[in-house]
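Reader: I would like a close look at one part of this model, with its surroundings worked through residue by residue. Please begin with a single buried or exposed position in a loop and go outward from there.

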Amino acid sequence: MALRAGVATGVVGLALVGVTVPAATAEDRVVRADQAVTRACHASLLPPGTAGVDRREVTSDVDGLVQARLAPGDGREGDWDVAVFDEADGAVVAASAALRSRELAESFVTKGQRLVVQACRYAGPARTATLGVDFLALTPRGTPTTVERAEVVRVETPRQEDKDALLGLDLDLTEKGDATGVEVVLAGDADRATLRDSGLKHTTVDPDLSRTSRDAAARDRAYAARGRASGLPSGRTSYRHLYEYEYELKELARGNPRLVRAFTLPEPTVEGRDVVAVEIAKDVDNAADGKPVNLLMGVHHAREWPAGEHAIEWAHELVNGYHRDRSIRSQVVKTRNIVVPIVNADGFSVSREAEPNGDFARFNYEMKRKNCRADDSPPQLRTGVCKANPGGRDRGTDPNRNYAGFWGGAGAGLTWSSETFRGPEPFSEPETRNIRSLVSSRAVTNLITLHTYGNLVLRPPGVAAVRAPLEEPVVKALADRMASRNGYDSIPSWGLYDTTGSTEDWSYWATGGFGFTFEINPAGFHPPYEDAVVAEYVGAAPAAGAGKGGNRAAFLDMLANAADPAAHSTLVGTAPHGYQLKVHKTFRTPTSPVRQADGSTTPPIQVTDTVESRYSSTGGRFTWAVNPSTRPYVAGRHGRDPQGPPQAAITLANPPGVPAENTSFPGNPVAERIPFTVQGPPAADNGRFDVSVSWTSTRTDWDLFVLDAAGQVVAQSANGGTNSERATLLDPPVGEYTAVLVNYDQVDPADPDDWTGGVVEFAPPVPPTYGVAEAYTLTCADRDGRLVGLTDVFVDRGETVDVGDVCTDSARATKQRRR
Ligand code: 0X9
Ligand code: ZN
């Protein structure tokens, strides 16, 4: 039987799609199968009458999108999947394979294209499901006309003012860079003009990003066409689609029932997709067994496809390793591992299903970053589905600016169209609420959130003004160890520029679970699979982790850290069999003062969190891994007590003459060099030095570099349009340094505008601060759920606290007995 599909053309303003009227009868909409068959619905179009499937033939009467949705039929859940095929060649057009029967398969079709919608009963008791098929027309205006050249430039941001100025431009910043500059995507001429007008110095890194992206896509086709397995745990050779992630996770669970549990995160996305995850642990269903939880996540950002690949490969790694590798097995049995490959399922589907042409125009969706929230778009741009809407890829909130940690501060966009739009309030998005719920309800002692790109291991905080946490040395040591495997730079998140509202700036500061961001690969949001996924994962050339173990080894280090009681906190005691123990804590944390569009700020929002962990007693003594009871936010800040006074200022004498103009230092070494010495305790103890110089005309340009004794640049300041430079080094090691002054440009070479006032100024180290200690509330409930024990517990990182016989010997238990 064929469904009719009609199109209503309710096109508003610039709207790209008309919403269709579902034309099928109620009868047409029920798909039925008497038998469940565990198969990939998207793998092939099966003949009519095949067990476990039902099908509908439809013809698209639009150039636009097809949407096939499933919902549970007659109230029973079960697991049905759906796939749409081209009838002529049998190729899969769209599919969806989440864990329940709530599916959305959506992709592009042409007018007159004959399609078969195949519904598959994968598992469970539901004999029926409800199918809806819609066609959405793209209006002519939906086709982008002008394709502009997208490029990557490096913008020099040596000083905090430059970083702030760059953030103020609201351009598409990457995470590739260093302390003095960052790579930025210019989507087209408007962005080019914005940057030019800012006066920030920049150089081209990739003049034609679209071409690079198209070349990458071509390499991907060739790599997959070889038909040989890669060195990845799964053997995979190409970027997965969303439905492949979904299907693979549930197959992993089906094939390893006691080891792997696939689950759906609490909230569907704004487009109605289920978000799928797996938990991997020995006796996986007993979640309250007291083991520490290690969480790996990918794809907060839609276009960052390698992030999802690395995450799902890690799931395969753990499963393969559990069966075949003694050392991995020994770590898996001590931990619980949760993997959420695609946090932003809507955005990923938009990016992954788009035409891979690599340009960053508003109506090209491959490079979409954010989620699909439309509520904050102007009313006329709220129509249409995310894959084809009048706001284009500008629609949405940046999930990595929407967490409560320091939300509302620097480095986040205030308007709907910003690439870093923070959303209307902390946790306004289903994606961030999903992760919040996971992290708040389990003892997530270790977390990595995967992004691309920049070859970085980032640790909190994301904003410099917050200062490092009191336990910075242990956090840094873990980050450094992982960075020694993947060859990335290990730096604080704020190193390139400030951000607020990112994942671990909530999770770490609120729960004490270690949290890091990896920025995978040196160049590109989803570069060739062979490089950005295979090589980066296994540690092979051309990855920076070649020969060092790659991300695989970095993830194994994180797993080992999760398994190590010295890295989290432990409660021990005794409890009768079947009794339920719980630690919980409710607290309020202020966001940043909330920046407003007019430049003012409003007071911080107080965000209430409840974190908890449960232990289900098996009788007798227990060992229960938890996070420290004091959250890092209140524990204090890292610092150092001065071991002596700061060193006295040093004047830098300007040598006679002016060096020749030089625009290519250090390639061209011509410059003036003035040595100076940094002293150490007890004579001096320096927390930082600042080297500064000035001159007369803002149209003259001197650049300043500071080299250490080995000739490495350790600080620099190289601005245009100013008449001064200031280079800063924090915690400068004792030793010999050289200030290098490069004559970049003279307003009048005949009458040189020489630099003057050269000085090195020293400041003392900032001492640590110590905050307050916080306790958990520990409760015990008996088999009937009655509260029989209640006590406060203070526990530090690395500490084991014996809570004794908490179910029979706590204050509450005593009170109960007296009654
Ligand atoms: O901006 C982000 O959310 C992350 N970079 S990405 O290019 N993948 O979008 C990094 C966030 C943390 N970094 C900084 N504080 N700079
Ligand atoms: Zn990202």
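Author: The residue to begin with is asparagine 371, in the loop that runs between helix 7 (345-353) and helix 8 (430-441). The model is a predicted one. Asparagine 371 counts as buried because its relative accessibility is 0%, and the cut-off for buried is under 20%. Its side chain forms a polar contact of 3.0 Å with the side chain of glutamate 431. Leaving aside residues up to four places away in sequence, asparagine 371 touches Asn344, Cys386, Arg395, Gly396, Thr397, Pro399, Glu429 and Glu431. Glu431 therefore appears both as the polar partner and in the list of touching residues, with buried status for asparagine 371 resting on the 0% value.

Next comes ligand 1. It is surrounded by 15 residues, of which Arg369, Asn400, Arg401, Thr499 and Glu519 are the closest. Two of these have polar side-chain atoms placed against the ligand. For asparagine 400, such an atom is 2.8 Å from an oxygen atom of ligand 1. For threonine 499, an N or O atom of the side chain is 2.7 Å from a nitrogen atom of ligand 1. Glutamate 304 also has a polar side-chain atom at 3.0 Å from a nitrogen atom of ligand 1.

Glutamate 304 leads on to the metal. The zinc ion (ligand 2) has as protein donors His301 through ND1, Glu304 through OE, listed twice, and His451 through ND1, at 2.0 to 2.3 Å. Along the chain these donors have the spacing H-x2-E-x146-H. Histidine 301 and glutamate 304 are both buried. Glutamate 304 thus has a role in two descriptions: as a zinc donor and as a residue with a polar side-chain atom 3.0 Å from a nitrogen atom of ligand 1.

The chain around the donor His451 has some backbone features to check. The peptide bond from threonine 452 to tyrosine 453 is cis, with omega near 0 degrees. Tyrosine 453 is in the loop between strand 18 (444-451) and strand 19 (456-459). Asparagine 455 is placed in the loop between strand 18 and strand 19, and its phi is near 50 degrees, a positive value in a residue other than glycine. Asparagine 455 is buried, since its relative accessible area is 14%. Another cis peptide bond joins proline 460 and proline 461, with omega about 5 degrees. Proline 461 lies in the loop between strand 19 and helix 9 (472-486). For reference, most residues other than glycine have a negative phi, and most peptide bonds are trans.

A further positive phi, about 55 degrees, is found at aspartate 283, which is not a glycine. Its place is the loop between strand 15 (276-280) and strand 16 (293-298). With a relative accessibility of 35%, aspartate 283 counts as partly exposed, whereas asparagine 455 is buried at 14%.

The nonpolar packing can be described next. The largest nonpolar core has 83 residues, and Leu295, Val340, Leu450, Phe516 and Phe518 touch the most other members. Helix 5 (residues 305-324) gives the most to this core, with nine residues. Leucine 295 touches Ile338, Val340, Leu438, Val439, Val444, Asn446, Leu447 and Ile448, not counting residues up to four places away in sequence. Val340 is thus a contact of leucine 295 and is also listed with it among the core residues that touch the most other members.

For the wider setting, the domain assignment gives domain 1 (16-138), domain 2 (217-441 + 522-550), domain 3 (571-606 + 623-635 + 770-815) and domain 4 (650-754). The C-alpha centres of domain 2 and domain 4 are 44 Å apart.

One position from the later part of the chain can serve for comparison with the starting loop. Valine 678 lies in strand 30 (residues 672-678). It counts as buried because its relative accessibility is 1%. Among the residues that valine 678 touches, beyond those up to four places away in sequence, are Gln647, Phe689, Pro732 and Tyr737. Its C-alpha atom is separated by 9.7 Å from that of isoleucine 650, 28 residues apart along the chain.

How values were computed. Residues are numbered from 1 along each chain as its sequence is written. Chains are lettered from A and ligands numbered from 1 in the order in which they are written. This is a predicted model: local features need pLDDT of at least 70, side-chain atom pairs count only at pLDDT 80 or more; totals for chains, interfaces and linings use all residues. Side-chain values use heavy atoms; hydrogens and water are left out. Donors are N, O and S atoms within 2.8 Å of the metal (3.2 Å for Na, K and Ca); water is not among the atoms, so sites may look incomplete. Buried means under 20% relative accessible area, exposed over 50%, partly exposed in between (1.4 Å probe, protein chains only). Domain bounds come from an automatic or database domain assignment. A nonpolar core is a set of buried Ala, Val, Leu, Ile, Met, Phe, Trp, Tyr and Cys residues joined through side-chain atoms within 4.5 Å. Helices (H or I, at least four residues) and strands (E, at least two) are DSSP runs, numbered from the N terminus. Contact means heavy atoms within 4.5 Å. A residue is near a molecule or strand if one of its heavy atoms lies within 4 Å of it. A polar contact is a pair of N or O atoms within 3.5 Å; within protein, one must be able to donate a hydrogen and the other to accept it, and residues adjacent in sequence count only if both atoms are side-chain atoms.
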